[in-house]
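Me: I'm new to this one, so could you walk me through it with a few questions and answers?

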Amino acid sequence: MSKPPFEFDTLALHAGQRPDAETGARATPIYQSASFVFESAEAAAGLFNLERTGHVYSRLSNPTNAVLEERIAVLDQGVGAVAVASGQAAMHLAVATLMGAGDHIVASRSLYGGTHNLLSYTLPRFGIETTFVDPRDPAAFSAAIQDNTKLVFGEVVGNPGMEVLDIPAISEVAHAAGIPVMIDATFTTPYLCRPIELGADLVMHSATKFLSGHGIVIGGLLVDGGVFDWAASGRFPTLAEPFDGFHHLNFAEEFGPAAFIARARREGLRDFGACMAPTTAFHILQGIETLSLRMARHMENAEVIAKFLSGQEGVLSVLHPCLPSHPDYELAKKLLPNGAGAVMSFEIAGGREAGVRFIEGLKIFSHLANVGDAKSLVIHPASTTHHRMDAEALVAAGISEGMIRLSIGLEDAADLIKDLKAGLRSAAKGGR
Amino acid sequence: MKTQLQGATAFYGVGNGEHAPEQPSVVFIHGSGMDHTVWLMPARHFARHGYNVVALDLPGHGDSEGPALTTIEAMSDWVSALLNQLGIGEAAIVGHSMGSLVALDFAARYPSHARSLALLGTSTPMPVSDVLLDAAKNDDRAAMVMANTWSHSAPGLMGGHKSPGMTLYFGGLRLLQRTPEGVYFADLGACNAFEAGPLRAEAVACPALVVLGNEDKMTGPKQSRAVASSIRGAQVVELDCGHAMLSEQSNAVLAALKTIV
């Protein structure tokens, strides 16, 4: 039982921010300043020694970003957060904070392509290996854990298979081995799922998507639940032993529940530098103010569209956990009672060529590489992001030649249905 | 730092400094269900300025082994034993909430060891409501949620942590939730049962400071002022915050402590 004393919708508007004491500004001001003047030489020394609160340099912290960080941390029920340049930066910051060369990750194999690239190809170059497992099999996560494993990772709703991760079960097996769980909650946002409440330890978001909600910024957020005992685990010298890079600071000893997020900021932002611009933080804050309203509408439209597509000629299958035909329908009802997100995939008859014709027949859906916009989006992986793959390689990646991914926006659902019908007609015509 | 005391491991933070008993010492005593991490900032400040910092974990808290002590007097006796073991003769004694009662009791009963006294978020008596005590007895996790909510000012409940990216509400709650089962109830019971406070206040002979939060719902401003008025020559600093002043007003708390330590 951790519920804060205000409801979610109220916190989405207010958490972390008070009217400006000097100007009375009600909105969060954009502090577009690289640096902040020290009150005195002694205060400066105090800031660098972590004995005073305040801002030094906007790579490390910024007052606008701090409001966003506290807001997402409260919504996710964490002790703190760090705002970074993108969702990928959030993922990298978490990995870099937890481990180094010789360490290992166990991850769901149903992941965003960018994350898959990072884990499969780039991190091994730095000595960090990943074992990918079936997201529906907690025992597979357990079996893949090695002596050098430092993280168990997955997405609330997988991509593109829309698998719902059993976060409580995965967390149980990870914790039994003394390993933290990080969840990518980009598709769900804290409105639909709060992974820490379900047993996870860390959460990351691409705030580019539903959190900001309008497709206008790139940003990432990393949240520390403050629930994992880094010292007791015995696997995390970066957190539970003196750090030479910060005057022998032992983060677990001095920061207690906030050890991870403190080191992520003090080392990760300082040394890797993937900070968020304050104007970006402002835009994401504006998005979060209406998160509840938008997500409710996203869910309403997504369900209508999923059910519509399920009954259409030329649609071979639809993948969305709101459909009884989805393997995780019951789990989604339990873990995601407010909805399983507005991203869905479907298989169009006619393969790669039909997919191209479908996309080109759409007028309202925008053909682009993103999800989580207020506007509806569409992409055909076989002809875009995965166009170099042959049919066999696509199957190995869990993508079929006729798979279409939709991100359902906030338009009138009737207009979206008309548009999809037009696309399906185009796909079918070309096939004759 | 760890030492063996009365057959158990006792932990104390040194603010990233060294244990140096020949230097002026400052002892920090945390509140119910808390540990040494609440003193992160003042501990680091005084260590940087050459003080010998002892930010202790009472038995059963943080990294000190249990069992938890059940009376304020037993806690101040334990503090005395720890200081003896560490070779510390005299120290500035700083306590928050339950820790303020331990500090008060210690300063009165071990006057030669108290150079000065700072009481943060204090009240004596420190009655604990039946609702909270019952909750702590039956389900201390629920009691922690209650106490954490009451520990913050109205604005503080909505956030506004001065330390970038940190949350006030969950920062406090997660620390409480680390406390082993039974310890929080023992702490609250010790606060509730401590009746000697007024006598101890009158016996304090060293310089003293009371720091109060004007929105403190756990130990109200009036109660804090009453403690100050019972201690000869005590100064009062009033801050714009609730009981969780170490997170709500960390810089102002440090500024106040610099006047007495």
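**A helix and its neighbours in chain B**

Reply: Happy to! In this predicted model, Asp130(B) and Asn138(B) are exposed on the other side of helix 4 of chain B, so to speak facing away from its buried residues.

Me: Which residues of helix 4 of chain B are buried?

Reply: Helix 4 of chain B covers residues 130–138. Seen down its axis, the buried residues fall within an arc of 100°, so they line one face of the helix. They are Leu132(B), Ala135(B) and Ala136(B).

Me: Which helices do the buried residues of helix 4 of chain B pack against?

Reply: Both partners belong to chain B. One spans 140–150 and the other 183–193. They are helix 5 and helix 8.

Me: Are helix 4 and helix 8 of chain B roughly parallel or antiparallel to each other?

Reply: Their axes lie 8 Å apart, and the packing angle is about 150°. Angles over 145 degrees count as roughly antiparallel. The two helices, whose crossing is left-handed, are therefore roughly antiparallel.

Me: How many residues of the contact of helix 4 with helix 8 of chain B are nonpolar?

Reply: Leu132(B), Leu133(B), Ala136(B) and Lys137(B) meet Tyr184(B), Phe185(B), Leu188(B) and Asn192(B). One residue of this contact is polar and one is charged. The nonpolar ones number six.

Me: Which element gives the largest share of the side of chain A that touches chain B?

Reply: The contact takes 41 residues from chain A and 35 residues from chain B. Elements of chain A that give two or more residues include strand 1 and helix 12. The largest share, five residues, comes from helix 3 of chain A.

Conventions:
Residues numbered from 1 in each chain as written. Chains lettered and ligands numbered in written order. Predicted model: local features only at pLDDT ≥ 70, side-chain atom pairs only at ≥ 80, totals over all residues. Contact = placed C-beta atoms within 7 Å. Helix = DSSP H or I, 4+ residues; strand = E, 2+ residues; numbered from the N terminus. Buried ≥ 20, exposed ≤ 12 C-beta atoms within 10 Å, placed from the backbone. Arc of directions from axis to C-beta. Axes fitted to C-alpha atoms, helices over the stretch in contact; angles between N-to-C directions. Parallel < 35°, antiparallel > 145°, perpendicular 65-115°, else oblique. Left-handed = near helix turned anticlockwise from the far one by under 90°. Nonpolar A, V, L, I, M, F, W, Y, C, P; charged D, E, K, R; others polar.
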